[in-house]
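Here's a quick briefing to read alongside the model. Have the chain open in your viewer and follow along.

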Amino acid sequence: MKKILITGALGQIGSELLLKMRDIYGTDQVIATDIKSDKHQGLVQSGPYETLDVTQAQDMFHIAQKYQVDTIIHLAALLSATAEAKPLLAWNLNMGGLVNALEVARELRCQFFTPSSIGAFGPSTPKEHTPQVTIQRPTTMYGVNKVAGELLCDYYFYKFGVDTRGLRFPGLISYVAPPGGGTTDYAVDIYYEALQKSRYTSYIAQGTYMDMMYMPDALRAILALMESDPAKLIHRNAYNVTAMSVQPEDFAQAIRKYIPNFKLDYKVDPIRQAIADSWPNSLDSTAAREEWGFSATYDLDKMTMDMLDKLQEKLSHKVS
Ligand code: VAH
């Protein structure tokens, strides 16, 4: 019987993956941990929860040992824009937390997942249909963390036999827990503001293409990868996965099919624009398709219809 520990369980990916995994494996089989719990009492009370600062190795080990986990899903990290504002904190949390989680996985013989990102690429990476194996010279602290993380997870597999697995996620779009501190967050904010104000001011410039994916596809990718035959995994720690390559105007056109008077204008944030400009425009996800059969199911129109539908319901229930 799987026993899963999720770090960063109250974040954008964690808050939905936690519920999905509890549906599949059972509530008591999935231990949620995060450094904060004040704003997420519903999730915290939905099953086993422990407060955990992933930079505290002993705390992580004791929680993993207490619940006798056999799988670690390590999500706790600072995203790109926050990491660029606080690079040393990002290094200590993103890399210190990762090595602590890998050490627990090594000592307790756990299967291990942590996400990489399109942020693991840089300006010298081929921008169109970025290959699975290519130049990785990111110019952000987040990107340095992601490349180092991919290599560290490979090392723990080759050196210690830890069953490490990972995905290079594009920008993830969800209606449950809003992201915090990312560069692609505009792609979430635009839906909230479209419903609330019929307008949005994008901090990312017109014509800036980035890969994106709807959260249901991202969750399905994590679950499928973790259940895949390890013998078929060649690029186990950093599969390119994607659903769409889009720019702000594409979202506006999709939204106008439901909110015809929606207006989009721009006030570019130079810091997040510089991060976005250093990333690929589109990824080649052939390896994920060939090695474990992944393909996304949500395109921009299908995602937009679902996002607006789910957010309309969420916002209508929001206590003002
Ligand atoms: C960020 N949402 O913007 C994250 C992600 C590809 C982007 O890694 O930092």
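Helix α7 covers residues 186–197 (helices being DSSP runs of H or I, at least four residues, and strands E runs of at least two, numbered from the N terminus). Its buried residues (under 20% relative accessible area, 1.4 Å probe, protein chains only) are Tyr186, Ala187, Val188, Ile190, Tyr191, Tyr192 and Ala194. Right after α7 comes Ser198, with a positive phi near 60°.

This is a predicted model, where local features need pLDDT of at least 70, side-chain atom pairs count only at pLDDT 80 or more, and totals for chains, interfaces and linings use all residues. Numbering runs from 1 along each chain as its sequence is written, and side-chain values use heavy atoms, with hydrogens and water left out.

**Domains**
- An automatic or database assignment gives domain 1 (4–170 + 215–240) and domain 2 (172–212 + 243–319).
- Their centres, taken over C-alpha atoms, sit 22 Å apart.
- For the contact (heavy atoms within 4.5 Å), domain 1 puts in 43 residues and domain 2 puts in 34.

**What's in the interface**
- About 3,300 Å² is buried between the two domains (accessible area lost on being put together, 1.4 Å probe, summed over both), with 61% of it on carbon and sulfur atoms.
- On the side of domain 1 that touches domain 2, at least two residues each come from α1 (14–25), α4 (80–85), β8 (167–169), α8 (215–227) and β12 (239–240).
- The top contributor to that side is α8, with eight residues.

Key: Buried means under 20% relative accessible area, exposed over 50%, partly exposed in between (1.4 Å probe, protein chains only).
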